[in-house]
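Student: Could you take me through one part of this protein up close? I'd like to see how a single spot fits into the whole chain.

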Amino acid sequence: MRVGADRMCMPAPTIEQFVEAVTSTVSANERWIPPSNKGFLHVRPLLMGNGPVLSLTPAPEFIFLIYVTPVRNYFEGGLKPINVVVENDIHRATLGGVGNIKAIGNYAGIMKAQAKAKANGFSDVLYLDSIHNRYLEEVSTANVFFVKDNTISTPVLGGTILPGITRKSIIEIAHSQGFKVEEQLVPVEELFDADEVFCCGNAVCVLPVGSITLNGKRVDYGESGFVVSQQLHSALANIQMGLIEDKMGWTTLLN
């Protein structure tokens with residue numbers, strides 16, 4: 001939020017203010033937290049400009065708020081792979097833009113591609129870079145990873161990709177489990193050689209990709225049973241739910 005606020009000419013709360021706001025909001029809504037096997041409480045921080053201004057200029061005042069909502073489990077009955085299509089014409093972000101921060105405008109530009117994909121039976125869209133139209137970047141609201149043998153690759157951060165906290169967590173967990181993790185440019189052709197593909201984000205945790213369609217050609221994954229995706233999902237989810245010791249020091253316990 002602090003990095004994004006600076007890019008958007010907005011003041012940001014301090015880390016202490018941010019943590020206190022999340023803690024207070026969650027505590028005040030404890031009664032809405034679902035049982036651990038039924039769902040979770042989704043936490044959404046929001047920073048927005050406000051004021052009587054119509055001209056193109058930073059807002060005179062700002063609102064920082066946290067809202068929470070109970071959400072059912074995404075994966076009742078287990079992880080269900082999604083089917084993704086590669087988008088060739090619409091791009092999620094461009095160099096020099098705001099693709100690497102949580103700006104609301106990032107989502108407006110992809111609505112058309114996402115709606116078209118869903119109308120054609122796909123779950124989501126995988127976007128390419130806007131310069132070469134060749135290198136993989138992100139799914140609509142999630143980072144993406146590719147597995148080949150003991151190596152896990154993900155597109156390198158370069159100004160157009162969101163440095164998601166779930167992405168960072170998965171990289172650290174994968175390292176701790178002995179995987180080789182590479183952050184690099186990933187050509188679209190490498191889709192045909194991957195053993196597994198998965199997405200990750202705050203709400204979905206880790207989500208396996210069952211197929212990717214590129215220019216009408218479909219590549220199916222999962223012959224291994226999505227072993228790596230399941231392994232990483234379990235490792236992160238168990239830390240989040242307090243089922244195993246948090247050796248990473250990521251969790252905060254509330255009284």
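Tutor: Let's start with Ile63, which lies in strand β2; strands here are DSSP runs of E, at least two residues, helices are runs of H or I, at least four, and both are numbered from the N terminus. Keep in mind that this is a predicted model, where local features need pLDDT of at least 70, side-chain atom pairs count only at pLDDT 80 or more, and totals for chains, interfaces and linings use all residues. Residues are numbered from 1 along each chain as its sequence is written, and side-chain values use heavy atoms, with hydrogens and water left out.

Ile63 has 31% relative accessibility, so it counts as partly exposed (buried is under 20% relative accessible area, exposed over 50%, partly exposed in between, with a 1.4 Å probe and protein chains only). Ile63 also has partners: together with Leu46, Met48 and Tyr67 it forms a nonpolar patch on the surface, about 320 Å² of accessible area in all. To join such a patch, a residue needs over 30% relative accessible area and no salt bridge, and nonpolar side chains (Val, Leu, Ile, Met, Phe, Trp, Tyr) are joined within 5 Å, like charges within 9 Å. A salt bridge means a side-chain nitrogen of Lys or Arg within 4 Å of a carboxyl oxygen of Asp or Glu. Areas come from the Shrake-Rupley method with a 1.4 Å probe, and for residues only the protein chains shown count as cover. Both β1 (39–50) and β2 (61–72) supply at least two of the patch residues.

Now zoom out: the chain has 6 helices and 11 strands. Of its 255 residues, 40% count as buried. Its C-alpha atoms fill a box of roughly 50 × 45 × 35 Å along the principal axes.
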